[in-house]
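Let's take a walk through this protein together. Have a look at the fold, and then we'll go piece by piece.

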Amino acid sequence: MAGAPDQRQPGPAAGEQLQQPQVSCQVFPERLAQGNPQQGFFSSFITHNQKCQQMLLKTVETNPYVKLLLDAMKHSGCAVNKERHFSCEDCNGNVSGGFDASTSQIVLCQNNIRNQAHMSRVVTHELIHAFDHCRAHVHWFTNVRHLACSEVRAANLSGDCSLVNEIFRLRFGLKQHHQTCVRDRAILSILAVRNISKEVAEKAVDEVFESCFNDHEPFGRIPHNEKYARYAHRDFQNRDRYYSNI
Ligand SMILES: [Zn+2]
């Protein structure tokens, strides 16, 4: 993220809501005014913040999706610094996280991230946006198809639509459940950060779906669970070694 050179515009590239009901948390330029830590030693903010930092540390050190994405960011010249590029904050509504393109920061909503697995999914999802931001000139604000593509990729590759999550959402048995889940979640993510109609969001997602659903970089496959993510990480490291020897 640090190396992404393109023009930054104020505001978020994406805000995520990982649970129903649909809400938005897109007003990131004002986020520094929120969540003032001077609320007393025993305030819930401090507890939430410390817990968020601890979960983030564990995710960064152990989760194979995140480890692969961090390696890929470094490989692309956008090395991620945990202190500089992640921020645990209170967010409005039911939002879990977001990627703030103006500061190249991933916002983790400490009041809404429920557990370690949730933290890992949010970090993975947002790192996919950060990866897209690093590798391409993404016009997050002026081209809804760019946002749609990154949301399709994030939903597809982050585990947001893994079978366990889907069963949890009582959608088991739906035909092509993975693709359907990816499409639905991409549309919801766009609607959470853009004041556009559902029809416009659906059209944008449908226009980019095939190419972006089949773009599995940097995983090289859809990592349906942690085991596949570990394989993908191993392959990425080998690919890295191969190219560095040419
Ligand atoms: Zn997203």
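## A guided tour

Let's start with helix 7, where the buried residues are Cys 181, Val 182, Arg 183, Arg 185, Ala 186, Ile 187, Leu 188, Ser 189, Ile 190, Ala 192 and Val 193. Keep in mind that what you're looking at is a predicted model. Helix 7 covers residues 177–193, 17 residues in all. From its first C-alpha to its last it reaches 25 Å, close to the 24 Å expected at 1.5 Å a residue. As a rule, an α-helix has 3.6 residues a turn, so residues three or four places apart point the same way.

Now zoom out. The protein chain has nine helices and four strands, and along the sequence they come in the order β-α-α-α-β-β-β-α-α-α-α-α-α. Of its 246 residues, 44% count as buried. Contacts reach far along the sequence, too: among those with a separation of 6 or more, 70% are between residues 24 or more positions apart.

What about the inside? The largest nonpolar core has 58 residues. Ile 190, one of the buried residues of helix 7, is among those with the most contacts inside this core, along with Leu 69, Leu 108, Ala 148 and Val 152. In soluble globular proteins, nonpolar side chains tend to be buried together.

Leu 108 takes us to strand 4, residues 105–109. Is this strand enclosed or open? Five of the five residues of strand 4 are buried, so the strand is largely enclosed by the rest of the structure. Gln 105, Val 107 and Cys 109 point one way, while Ile 106 and Leu 108 point the other. That fits a general habit: in a regular strand the side chains alternate between the two faces of the sheet. Leaving aside neighbours within four places in sequence, Leu 108 is in contact with Cys 52, Leu 56, Phe 86, Ser 87, Cys 88, Gly 97, Ile 113 and Val 122.

Strand 4 has partners. It pairs with strand 2 in the parallel sense over four bridges, with Phe 86 opposite Ile 106 and Ser 87 opposite Val 107. Strand 2, residues 86–89, is covered on both faces: Phe 86 and Cys 88 are buried on one side, Ser 87 and Glu 89 on the other. Strand 3, residues 97–100, is also joined to strand 4 by four bridges, but these two run antiparallel. Here it's Gly 98 that stands opposite Val 107. Strands 3 and 4 form a hairpin with four residues between them, and Ser 104 in the turn has a positive phi of about 55°.

Follow the chain out of strand 4 and you get to the loop before helix 4 (116–135), where Arg 114 sits. Is Arg 114 buried or exposed? It counts as exposed, because it has 11 C-beta neighbours inside 10 Å, and 12 or fewer is the cut-off for that label. Asn 115 lies in that loop between strand 4 and helix 4 as well, and it too is exposed, because it has 9 such neighbours inside 10 Å. Both residues can be placed against other parts of the chain. The C-alpha atoms of Arg 114 and Ser 96 are separated by 9.1 Å, with their positions 18 residues apart along the chain. For Asn 115 and Cys 52, 63 residues apart, the C-alpha separation is 9.1 Å.

Note on methods
Residues are numbered from 1 along each chain as its sequence is written. This is a predicted model: local features need pLDDT of at least 70, side-chain atom pairs count only at pLDDT 80 or more; totals for chains, interfaces and linings use all residues. A residue is buried if 20 or more other C-beta atoms lie within 10 Å of its own, exposed if 12 or fewer, and partly exposed in between; C-beta atoms are placed from the backbone. Two strands pair if DSSP finds at least two bridges between them. A nonpolar core is a set of buried Ala, Val, Leu, Ile, Met, Phe, Trp, Tyr and Cys residues joined through C-beta atoms within 7 Å. Two residues are in contact if their C-beta atoms, placed from the backbone, lie within 7 Å. The expected span of a helix is 1.5 Å times one less than its number of residues.
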